[in-house]
Each structure stands twice: as C-alpha cells, then as structure tokens.
Amino acid sequence: MPANEKPRVTVIGLGSMGYGMATSLRRAGFTVTGCDVSADAVQRFVGEGGQGAATPAAAAQQADIVISVVVNAAQTEAILFGAGGVAETLARDAVFVSSATMDPDVARRLAKQLEASGRHYLDAPISGGAQRAAEGELTILASGSQAAFARARPALDAMAAKLYELGDEAGQGAAFKMINQLLAGVHIAAASEAIAFAAKQGLDIRKVYEVITASAGNSWMFENRVPHVLDGDYTPRSAVDIFVKDLGIIQDMARTAKFPVPVSAAALQMFLMTSASGMGRDDDASVARMYARVTGTKLPGDS
C-alpha cells in the first residue's frame, strides 16, 4: 500500500456503535465495507456511500483493518474462525481489531490463535456511546503488539478522542474495560434505585434530577440515564442484557481470582430481575422501572 494511501477498513457489526464507527471512518476519507447479520443495516450503509458484504470472509477479503463491533466473545470467535469467518480471507499482516467486551483470558486466547496465522490482533474495547461513535469521539482502551497498533492506528485515530495504549498483549484492554463496566453497572443500578425511591417519596423527580446533578451524589450515569426515566423513554441506547452479560463476566473473573465483589453482585441481581421481568432488550435505565413495578411506584410514562 503506498504511504499516502489510506488503508481499507471493514466494520463487522453495524449496530448503534458499529454503524457510528463506520460512518466516522467514511467521513475521515476511508473506503469502508460494512457487514452485519441484518441485511437492512448493510443496505442502509451502502445507501449512504459505504460498501457492503454478506459475510465476514467477504468483508475481510480486501481489508487492511477489520474492526469487529459485536456483543460478546462468542460472536467475536464466530466472526473470526466460524464458517465464512474473517480468518478464511484476511490478508497476512492485516489487523483484526476486537471491540467486544469480554473476559481478558478469552481475548488472549483469540489473539494467540489469530497471530499464529500471521495476522495481528488488537484488543480494543470502546466506551462513549452511540453519539460519540458517530462523531469519531470514542474512548478506546487498547492493548496488543506494536505491529498491531501501527497497522490499526489510522483507523483508531479517526474513531477516538482518547486512545489509551494499555499494554503490549491482548487482554489488558479487556481487563480495563471490565473495571469500567463494574463501575458503570453499579452506578446505573444506584441511579435507578435512587430515582425510583425519590418517586416513592412523592418528590418531584425532575427537581430531584436538578438538585442531584449539582450535588456530591451525582455520577455520569445518573446524569446520563435518569433523563430516560424522566421522559418515560426506554428506547435502548444500551440494553439491560448488556449489563447482565458484563456484570456476569465480572463475577466469573472475581470468582477465579477469589476476590469479593459484593456491590457489583448486587447490581447484577437488579439487572437480572429487570431482564426476567421482560425488559432485557430495553434501555438499561429500565432498572428504575423494575423498582417501580415491585413497589407500586408511578414513574413518567406509566399507564
């Protein structure tokens, strides 16, 4: 590839995050191929000027950088090594960038398997939400070899406001992301508990939001998620079941390390109850709805 030519990029997984990342890469001047299990998502991306492919193998065929933006380790492994997977066609010396949240041990295993074939693996979980993804303003928590960073850097720079280089092997990025997810899940559960409890007390919860966001009890998640409750809008920006998965991974990691995590364990139970009550695919602020339903408390949007 000539020094002045941008690498060809593939984004696999055109959900709210992946679609925004693909869009920000296109805006930065990259040739981008999108791939998703939803043909409609691929068609939408093609309609906006991108390229499309039906399978990960087809999408990776001409790519220098493949960015995988799927939900979990199992999907990542299937995209890499399953039938019609990236490993069938990815060029030698190309880089696979994994943005899924997963157990660090699994990230290390997938990296070792791919690197044994002469390709590069960058462990690069993301944070920031769909809007920041579309704006190219993500935080990326990455680890991997210097060669993997070098090959992925043009795309990383286009997608990220903050790129943290956290180590020279896969797994470090995943571990940092799990610490973030521990805090995020606990904070969402706490914010949901607090706003539902305020409603039970008969308080004006819009005034509660105003007061708390100017006080020491505020958190980024309280400030970001409670407006969904105030508006009675649980369209999923990040779904309840994401935190069922991520807080579950934290429990597995903690059990292996023999490290107690009682606060995140309690938060996991809140997300599990919310999912079990039929709200698993709804916005994660639905934990507040679960509290409200259990206690007979009325929230905005309740009939």
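Modeller: Before we begin, helices here are DSSP runs of H or I with at least four residues, numbered from the N terminus. The model we are discussing is a predicted one.

Colleague: In which helix does Arg289 lie?
Modeller: Arg289 is buried, with a relative accessible area of 13%, and, leaving out residues up to four places away in sequence, Arg289 touches Tyr234, Met279, Asp282 and Leu299. The helix that holds Arg289 covers residues 287-295 and is helix H13.

Colleague: How many helices and strands does the protein chain have?
Modeller: The C-alpha trace of the protein chain spans about 65 × 45 × 35 Å along its principal axes. Within that chain, the secondary structure amounts to 13 helices and nine strands.

Colleague: What radius of gyration does the protein chain have, against that of a compact globule?
Modeller: For 303 residues, a compact globule would be expected to have a radius of gyration near 19 Å. The protein chain agrees with that expectation, because its own value is 20 Å.

Colleague: What percentage of the residues in the protein chain is buried?
Modeller: The accessible surface of the protein chain comes to about 13,900 Å², and 54% of that surface belongs to carbon and sulfur atoms. Counting a residue as buried when its relative accessible area is under 20%, the buried part of the 303 residues is 50%.

Colleague: Which element gives the most residues to the largest nonpolar core?
Modeller: In soluble globular proteins, nonpolar side chains tend to be buried together. Here the largest nonpolar core has 33 residues, and those with the most contacts inside it are Val11, Leu25, Ile67, Leu122 and Ile140. Among the elements that give two or more residues to this core are strand S1 (9-12), helix H1 (16-27), strand S4 (65-68) and helix H7 (146-159). With seven residues, the element that gives the most is H7.

Colleague: How many residues make up the other core, which includes Phe96 and Met102?
Modeller: This other core lies apart from the largest one, and Ala63 and Ala73 are also among its residues. Its count of residues is 24.

Colleague: Is Ala59 buried or exposed?
Modeller: Ala59 has its place in helix H3, residues 56-60, and, leaving aside neighbours within four places in sequence, Ala59 is in contact with Thr10, Thr33, Cys35 and Ala53. Since a residue counts as buried under 20% relative accessible area, and Ala59 stands at 4%, Ala59 is buried.

Colleague: What distance separates the C-alpha atoms of Ala59 and Ala239?
Modeller: Along the chain, Ala59 and Ala239 are 180 residues apart. In space, their C-alpha atoms are separated by 27 Å.

Colleague: Near what value is the phi of Asp93?
Modeller: Most residues other than glycine have a negative phi. Asp93, in the loop between helix H4 (73-81) and S5, counts as partly exposed at 37% relative accessibility. Its phi is nevertheless positive, near 80°.

Colleague: Is Lys258 exposed or buried?
Modeller: Lys258 has a positive phi of about 55° although it is not a glycine, and it lies in the loop between helix H11 (240-257) and helix H12 (262-279). A residue counts as exposed when its relative accessible area is over 50%, and because the value for Lys258 is 74%, Lys258 is exposed.

Colleague: How far apart are the mean positions of the positive and negative charges of the protein chain?
Modeller: The protein chain carries 27 positive and 31 negative charges. The mean positions of these two sets lie apart by 1 Å.

Key
Residues numbered from 1 in each chain as written. Predicted model: local features only at pLDDT ≥ 70, side-chain atom pairs only at ≥ 80, totals over all residues. Heavy atoms only, no water. Rg over C-alpha atoms; globule rule 2.2 N^0.38 Å. Buried < 20%, exposed > 50% of the residue type's maximum accessible area, 1.4 Å probe, protein only. Areas by Shrake-Rupley, 256 points an atom, 1.4 Å probe, with all protein chains shown as cover. Lys, Arg positive; Asp, Glu negative; His and termini not counted. Charge placed at Lys NZ, Arg CZ, Asp CG, Glu CD. Core = buried A, V, L, I, M, F, W, Y, C linked by side-chain atoms within 4.5 Å. Contact = heavy atoms within 4.5 Å.
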